[in-house]
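Please describe how this structure is put together, with attention to its aromatic contacts, its sheet, its cores and its metal site. A short report will do.

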Amino acid sequence: MPLPVVALSSSSSSPTGGKPPFVRVNDAYVRAVQGAGLLPVVVPPSLSAADERTLIDSVAGIVLTGGEDVEPARYGATRFATTETSHAGRDATEIALVHAARDAQRPVLAICRGLQLLNVALGGTLVQDLATERPSAISHPRSDLRSTRVHGLSISAGSRLAAAADSLVFDVNSLHHQAIDALAPGLRASAHAPDGVIEAAETTDAWWVLGVQWHPEELVDDPQPWDRAIFAAFAAQCRGPA
Ligand code: MN
């Protein structure tokens, strides 16, 4: 059986230091997807909606990767000073990819920015800066600790995430300063941090979509079964019925 092909969303750099601009995706996503028995292809952040409708017929699933803050105007908000520079082409490409995936009923695994982008693409809103808007005892933007578990989670029983991870409580890394605020229609929260921040969301209908706010692909120093289980559950959906 050929491996199912899955599309990984990507970012691109501005020209710096005399180097030409390049398309990039962190290798951790590539390794995690390959480790789950999938064949990754990188989707540049510059495709038209028409190109993406063509692409969607050639792939078994979509991985929305982490990265830049989504443009606040996309969810009707005014930009905070603490909101990172957004990538207009990437936002447009990924929002169209979500809509194409929904139309074609392709499974979607959304990670960090991917979860936030997914929520915006489906009509939800974001907390632009947790430290400002939702101060708590937990520091979520611990990008200095990529492979360290910095807070716990409580998983909603009966959720797709609970089924995938086979556990209702586990510890994760936290490399984000934004989070879901209002959930989009058709999404439900399936995990929360102890301070109430939404750490995972999923669709309520038959379209298989799972979004996580943490980075399971980076948790390689002390791997736990639930880290790889999230990719395995996505891979099973990409393979389809046995
Ligand atoms: Mn967190």
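Phe170, Trp214 and Trp226 make up one aromatic cluster in this predicted model. Searching the whole structure gives three aromatic pairs. One of them, Phe170 with Trp226, is stacked, with 4.8 Å centre to centre and 20° between the planes. Its two members come from distant parts of the chain, 56 residues apart: Phe170 belongs to strand E9 and Trp226 to helix H7. Both Phe170 and Trp226 are buried. Trp208 and Phe234 form another pair, which is tilted, at 6.2 Å centre to centre and 35° between the planes. Because Trp208 sits in the loop between E12 and E13 while Phe234 is part of helix H7, this pair ties together parts that are 26 residues apart in sequence. Both Trp208 and Phe234 are buried.

The table sets out these two pairs.

| Pair | Geometry | Centre to centre | Angle between planes |
|---|---|---|---|
| Phe170 and Trp226 | stacked | 4.8 Å | 20° |
| Trp208 and Phe234 | tilted | 6.2 Å | 35° |

**Nonpolar cores**

Some of these aromatic residues recur in the largest nonpolar core. This core has 35 residues, of which Leu161, Phe170, Trp214 and Phe234 touch the most other members. At least two residues each come from strand E1 (5–9), helix H1 (27–35), E6, E8, helix H6 (160–165), E9, E13 and helix H7 (225–239). Helix H7 gives the most, with seven residues. A separate core of 31 residues lies apart from this one, and among its members are Leu117, Val120, Ala121 and Ala201. In soluble globular proteins, nonpolar side chains tend to be buried together.

Phe234 illustrates how H7 meets the rest of the chain. With neighbours within four places in sequence set aside, Phe234 is in contact with Val6, Leu38, Gly61, Ile62, Val63, Pro107, Val108, Leu109 and Trp208.

**The sheet**

Nine strands make an open sheet of mixed pairing, ordered E4-E1-E5-E6-E13-E12-E11-E8-E9. Strand E4 (39–43) and strand E9 (169–172) are at the edges and have a single partner strand each, so one side of each is left without a neighbour in the sheet. On average, and with direction ignored, neighbouring strands are turned by 25° against each other.

Towards the E9 edge, E8 and E9 run antiparallel and are joined by four bridges. In this pairing His151 is opposite Val172 of E9. E8 also pairs with E11 in the antiparallel sense, over two bridges, and the bridge partner of Ser154 in E11 is His192. Strand E8 is largely enclosed by the rest of the structure, because four of its five residues are buried. Elsewhere in the sheet, strand E12 (residues 198–203) and strand E13 (residues 209–212) are antiparallel and share three bridges. Ala201 has Gly211 of E13 as its bridge partner.

**Helix H4**

Which strands does helix H4 lie across? Helix H4 (residues 113–121) crosses strand E5 (61–64), strand E6 (108–111), strand E11 (187–192), E12 and E13, and runs at about 115° to E6. Nine of the nine residues of H4 are buried, so the helix is largely enclosed by the rest of the structure. The buried residues include polar ones by name, such as Arg113, Gln116 and Asn119, alongside Leu115, Leu117 and Leu118. Leu117, Val120 and Ala121 are among the members of the 31-residue core, as is Ala201. After H4 comes Gly123, which has a positive phi near 110°.

**The manganese site**

Which residues coordinate the manganese ion? The donors are His140 (ND1), His151 (NE2), Ser174 (OG), His176 (NE2) and Glu199 (OE), at 2.2 to 2.3 Å. Along the sequence, the donor residues follow the spacing H-x10-H-x22-S-x1-H-x22-E. His140 lies in the loop between helix H5 (130–133) and strand E8 (151–155), and Glu199 lies in strand E12, so this pair ties together parts that are 59 residues apart in sequence.

Are these two donors buried or exposed? His140 has a relative accessible area of 2% and Glu199 one of 0%. Buried means under 20% relative accessible area, so His140 is buried, and so is Glu199. His151, the residue opposite Val172 in the sheet, is also one of the manganese donors.

How values were computed. Residues numbered from 1 in each chain as written. Predicted model: local features only at pLDDT ≥ 70, side-chain atom pairs only at ≥ 80, totals over all residues. Heavy atoms only, no water. Pairing = 2+ DSSP bridges. Axes fitted to C-alpha atoms, helices over the stretch in contact; angles between N-to-C directions. Contact = heavy atoms within 4.5 Å. Donors = N, O, S within 2.8 Å, 3.2 Å for Na, K, Ca; no water. Buried < 20%, exposed > 50% of the residue type's maximum accessible area, 1.4 Å probe, protein only. Core = buried A, V, L, I, M, F, W, Y, C linked by side-chain atoms within 4.5 Å. Phe/Tyr/Trp six-rings, centres within 6.5 Å; stacked < 30°, edge-to-face > 60°.
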